[in-house]
Amino acid sequence: MEVGEQAKELIKLVSTKDKMSNTKFITVASGKGGVGKTNFAVNFAYILSNLYGKKVLLVDADMGMANVHIIVNVDTKKTLKDILSGADIEDVIFTTRSIDILPGFSGIDMLEEVEESSVLRLVQSLDDISSRYDYIIIDTGAGIDNRIVSFIKASSKTYIITTPEPTAIIDAYALMKSVKKIFGYSEFKLVVNMVKNKNEGYETYEKLKNSAKKFLDIDLSLIGILPNTKNMKKSVKSKQLLAEVYPLDEFVKELKMTASIELGEPPPTEKTKFWEKVVNFLRRE
Ligand SMILES: Nc1ncnc2c1ncn2[C@@H]1O[C@H](COP(=O)(O)OP(=O)(O)OP(=O)(O)O)[C@@H](O)[C@H]1O
Ligand SMILES: [Mg+2]
């Protein structure tokens, strides 16, 4: 896997800028597909912006299979594809629920051509506007390819999402191994999603942490254990955000913990909790 010199330069530029500015770039990645990256990214962005008042840009970088705009239920006129054809990033970003979103595109027609140039152009455009944001969260597609690895390198940290399934764990390990091989170190944080109980989450983390340390010399830290919740399907089906319509759901509660750890700030206040209870009560089935 080769990343062109020009791309490397840009990535270096973003990494350096990121260290100097307060904007944090987080890439959300996984080895295996369907582990919950997109739903995590959208709800996490919602919590960071609506509960913690952070300025967040969510980028749908799942090229060819974009679905962030579907989850937030907004029709998009322009997408990331337009940026690749020269459109101004400002004209593509839309705002919903206080989150700025850069929507992706679906369809494989351009996928071959966008390989490296897409990452280049996108990283440059993101770099230009990064100072406006506290967080730029990049949702990627499943698997390991140049584009995803480049986003990881351009980010200050990478959240690896896995489930307790052995296949997901093995693929998460393979992703870390590839990144390490291509770029050396990257700060990885693990989110274990769709757990039956906390124990299952800790066991999954232990397995990955030990292998990452032993074979890759990577220190993997844990940033979240998120339960399987039936409210996820309900909210996706009704095109609403879980964190918005079920603020007291266990998944949302744990996601707030993840946000707290990320920010190094205490969870929202009692006052907020009271209003959440009221909202939840009013929205009960
Ligand atoms: N904690 C959870 N509890 C229950 N269902 C979940 C949970 N997290 C995700 N899901 C469901 O799993 C499915 C896949 O989620 P999502 O699209 O977020 O995964 P993904 O990793 O982004 O997939 P892809 O690799 O295709 O981009 C969705 O139907 C979603 O509703
Ligand atoms: Mg996805």
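Which exposed residues does the face of helix 10 turned away from its buried side carry? The legends below describe close-up views of a predicted model, beginning with the view that answers this question.

**Figure 1. Helix 10 has a buried side and a face turned away from that side.** The face turned away carries the exposed residues Lys230, Lys233 and Lys237. The buried residues of the helix are Asn231, Met232 and Ser235. These three cover an arc of only 110° around the axis, and therefore lie on the same side of helix 10. An α-helix has 3.6 residues a turn, so residues three or four places apart point the same way. The cover over the buried residues of helix 10 includes helix 2 (37-50), helix 11 and helix 12 (250-263).

**Figure 2. Thr229 and Lys239 are shown with the two ends of helix 10.** Thr229 caps the N-terminal end of the helix, with a side-chain oxygen 3.1 Å from the backbone nitrogen of Asn231. Asn231 is also one of the buried residues of helix 10. Just after the helix comes Lys239, whose phi is positive at about 55°, although this residue is not a glycine. Lys239 belongs to the loop between helix 10 (230-237) and helix 11 (242-245). Is Lys239 buried or partly exposed? Its relative accessibility is 44%, so Lys239 counts as partly exposed.

**Figure 3. Glu244 of helix 11 is shown together with Ile47.** Glu244 is found in helix 11. With a relative accessibility of 22%, this residue counts as partly exposed, because the buried class requires a value under 20%. Along the chain, Glu244 and Ile47 are 197 residues apart. In space, a separation of 8.8 Å lies between their C-alpha atoms.

**Figure 4. Eight strands form an open sheet with mixed pairing.** The order of the 8 strands is 3-4-2-5-1-6-7-8. Strand 3 and strand 8 are the edge strands, each pairing on one side only. From one strand to the next, the twist averages 25°. Helix 2 packs on the sheet, where it touches strand 1 (24-29), strand 2, strand 4, strand 5 (135-140), strand 6, strand 7 and strand 8. The direction of helix 2 makes about 165° with that of strand 5. Helix 9 also packs on the sheet, touching strand 6, strand 7 and strand 8. The direction of helix 9 makes about 145° with that of strand 7.

**Figure 5. Strand 2 and strand 4 pair in the parallel sense.** This pairing, which involves residues 56-61 of strand 2, extends over 3 bridges. Within the pairing, Val59 stands opposite Leu102 of strand 4.

**Figure 6. Strand 7 is joined by bridges to strand 6 and to strand 8.** Strand 7 comprises residues 188-195, and 7 of these 8 residues are buried, so the strand is largely enclosed by the rest of the structure. Strand 6 (residues 157-162) runs parallel to strand 7 and is joined to it by 5 bridges. In one of these pairs, Thr158 has Phe188 of strand 7 as its bridge partner. Strand 8 (residues 221-227) is likewise parallel to strand 7, and 5 bridges join the two. Here the bridge partner of Val195 is Pro227 in strand 8. How does the chain cross from strand 7 to strand 8, and which hand does the crossover have? The chain passes through helix 9 (residues 198-216), and this β-α-β crossover is right-handed.

**Figure 7. Thr96 is shown in strand 3, with Ser98 in the loop that follows.** Thr96 belongs to strand 3 (residues 94-96), one of the edge strands of the sheet. Its relative accessibility is 12%, so Thr96 counts as buried. Leaving aside residues up to four places away in sequence, Thr96 touches Val72, Val74 and Ile101. The side chains of Thr96 and Arg97 are joined by a polar contact of 3.1 Å. Ser98 is in the loop between strand 3 and strand 4 (99-102). Phi of Ser98 is near 65°, a positive value in a residue other than glycine. With a relative accessibility of 44%, Ser98 counts as partly exposed.

Technical notes:
Residues numbered from 1 in each chain as written. Chains lettered and ligands numbered in written order. Predicted model: local features only at pLDDT ≥ 70, side-chain atom pairs only at ≥ 80, totals over all residues. Heavy atoms only, no water. Helix = DSSP H or I, 4+ residues; strand = E, 2+ residues; numbered from the N terminus. Buried < 20%, exposed > 50% of the residue type's maximum accessible area, 1.4 Å probe, protein only. Polar contact = N/O pair within 3.5 Å; in protein donor to acceptor, adjacent residues only side chain to side chain. Contact = heavy atoms within 4.5 Å. Pairing = 2+ DSSP bridges. Right-handed = clockwise from strand over helix to strand, strands pointing away. Arc of directions from axis to C-beta. Axes fitted to C-alpha atoms, helices over the stretch in contact; angles between N-to-C directions.
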